[in-house]
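Colleague: Please take one buried charged residue and give me a close look at it and its surroundings. I would like one connected account, working outwards from that residue.

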Amino acid sequence: MATMTTTAPALRRKRLRERLRTLGFLSPWLVGFTVFFGYPLVATVYFSFMHYNQIKAPTFVGLRNWRYVLEQMPLFGPALWNTLWLVVVMVALRVVFGLGIGLLITKIKSGAGFFRTAFYLPYLAPPVAATVAFVFLLNPGTGPVNDMLGKVGIDAPNWFNDPAWAKPSLVLLSLWGIGDLMVIFMAALLDVPKEQYEAAELDGAGAFTKFRYVTWPSITPIVMFAVVTGVVQTMQYYTQALVAGKLASGVSIGPGTVIEPGYPDHSTLTVPQLVYSLGFQNFNTGAACVLSLVLFAIAMAVTTLLMRRRAGLLSADD
């Protein structure tokens with residue numbers, strides 16, 4: 001009886017030490033999560049119910065900011081549509097294109113190193129520099145792309161100056177920098193066991209059958225990763241669309257210049273641009289916080305849907 005009484009406090013002390021040790025290892029993540037995610041999220045929810053211009057103290061206005069954004073803001077619909085369009089089209093094409101390039105390079109017998117480097121280098125270009133170069137190349141008046149298309153008799157579009165072509169031009173820019181997905185897919189493809197390919201060949205399987213029943217089941221977790229991260233990144237799409245619109249508009253940018261984002265005709269306006277415009281140009285912090293929460297909710301909903309097994313990206317055995 002005395003032994004059990006003595007052992008119980010020692011056991012509690014041991015468990016306490018283990019918990020403190022675990023907490024110590026987790027503390028960097030906990031601090032980062034609290035400072036960079038938890039507190040900003042709580043503050044965003046708080047300011048969404050406030051009138052706050054970043055100068056005077058915030059005052060409670062209830063659901064006024066929410067009603068303004070969801071019912072009265074004229075640019076909310078176009079910005080949300082553009083963002084969702086980019087999420088669907090850009091993410092899908094990037095995954096397909098990145099997987100296709102990865103497949104081609106893994107099959108090349110010679111010169112694979114050159115092609116890997118050639119496709120990966122554009123990804124290393126800073127987003128602003130890459131966008132500036134792309135707008136120059138696709139300039140309808142002086143760009144070399146339209147020049148070459150005109151010489152072969154093709155009526156070239158106005159690219160970033162045409163509302164119908166502005167978003168497809170941004171998609172082309174994203175496909176140009178496909179190097180990140182190419183490398184990820186190449187690693188996944190090279191990790192597929194060769195024995196499975198050999199067994200499929202012995203059974204008389206063709207190229208498509210081998211891809212369908214050998215390659216695809218092995219790389220579906222990587223496809224899942226590429227789609228989810230692509231959705232999250234595209235939901236935050238800001239720099240390229242803003243820089244392309246400003247350059248294509250031809251307006252000289254200087255100190256104090258305020259330019260309406262979304263040129264031409266709000267076709268490149270995304271929700272993150274609208275958040276910046278409301279919060280830091282018009283000092284309407286409450287409405288900007290509402291937009292941020294709507295974007296966060298949509299991103300969480302889409303990500304949760306993709307993470308479910310019945311979304312079709314993972315088999316039940318994965």
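Modeller: Arg-94 has a relative accessibility of 15% and counts as buried, because the cut-off for that class is under 20%. The model is a predicted one. Side chains of opposite charge can pair when their charged atoms come close. Here the partner of Arg-94 is Asp-180, and the closest N and O atoms of this salt bridge are 3.1 Å apart. Arg-94 belongs to helix α3 and Asp-180 to helix α8, which covers residues 179-190, so the salt bridge ties together parts separated by 86 residues in sequence. Asp-180 is buried too, at a relative accessible area of 17%.

The whole structure contains 2 salt bridges. Besides the pair just described, there is one between the side chains of Lys-210 and Glu-201, with an N to O distance of 3.1 Å. Lys-210 is buried, at 18% relative accessible area, whereas Glu-201 is partly exposed, at 49%.

To return to Arg-94, the next step out is the helix pair that its salt bridge joins. Two packed helices are described by the angle between their axes and the distance between the axes. For α3 and α8 the angle is about 55 degrees and the axes are 8 Å apart. The two helices are therefore oblique to each other, because an angle has to be under 35 degrees to count as roughly parallel and has to reach 65 degrees to count as roughly perpendicular. Their crossing is right-handed.

Which residues meet where α3 and α8 pack? On the α3 side they are Arg-94, Val-95, Gly-98, Leu-99, Ile-101, Gly-102, Leu-103, Ile-105 and Thr-106. On the α8 side they are Asp-180, Leu-181, Met-182, Phe-185, Met-186, Leu-189 and Leu-190. Sorted by class, this contact has 11 nonpolar, 3 polar and 2 charged residues. The salt-bridge partners Arg-94 and Asp-180 are both listed in the contact, and Arg and Asp are residue types that count as charged.

Helix α3 runs over residues 76-107 and also packs with helix α12, residues 271-281. The angle in this case is about 140 degrees, and the axes are again 8 Å apart. α3 is thus oblique to α12, because roughly antiparallel would require an angle over 145 degrees. From α3 the contact draws on Phe-76, Ala-79, Leu-80 and Thr-83, and from α12 on Val-271, Pro-272 and Leu-274. By class these residues are 6 nonpolar, 1 polar and no charged.

Within α12 itself, Ser-277 is a further residue to look at. Ser-277 is buried, with a relative accessible area of 8%. With neighbours within four places in sequence left aside, Ser-277 is in contact with Pro-261 and Asn-282.

The loop between α11, residues 239-249, and α12 includes Pro-264. Most residues other than glycine have a negative phi, and most peptide bonds are trans. Against that background, the peptide bond from Tyr-263 to Pro-264 is cis, with omega near -5 degrees. Asp-265, in the α11 to α12 loop as well, has phi near 55 degrees, which is positive although the residue is not glycine. Asp-265 is exposed, at 65% relative accessibility. His-266, likewise in this loop, has a positive phi near 60 degrees and is also a residue other than glycine. His-266 is partly exposed, at 29% relative accessible area.

What does Pro-163 contact, apart from its neighbours within four places in sequence? The residues are Pro-264, Asp-265 and Ser-267, so Pro-264, with its cis peptide bond, and Asp-265, with its positive phi, are both among the contacts of a partly exposed residue, Pro-163 having a relative accessible area of 33%. Pro-163 is in helix α7, residues 163-176. The C-alpha atoms of Pro-163 and Thr-268 are 8.0 Å apart in space, while the two residues are 105 apart in sequence.

Terms used:
Residues are numbered from 1 along each chain as its sequence is written. This is a predicted model: local features need pLDDT of at least 70, side-chain atom pairs count only at pLDDT 80 or more; totals for chains, interfaces and linings use all residues. Side-chain values use heavy atoms; hydrogens and water are left out. Axes are lines fitted to C-alpha atoms, for helices over the stretch in contact, and angles run from 0 to 180 degrees between N-to-C directions. Helices (H or I, at least four residues) and strands (E, at least two) are DSSP runs, numbered from the N terminus. Angles under 35 degrees count as roughly parallel, over 145 as roughly antiparallel, 65 to 115 as roughly perpendicular and the rest as oblique. Contact means heavy atoms within 4.5 Å. Buried means under 20% relative accessible area, exposed over 50%, partly exposed in between (1.4 Å probe, protein chains only). A salt bridge is a side-chain nitrogen of Lys or Arg within 4 Å of a carboxyl oxygen of Asp or Glu. A crossing is left-handed if the near helix is turned anticlockwise from the far one by less than a right angle, and right-handed if clockwise.
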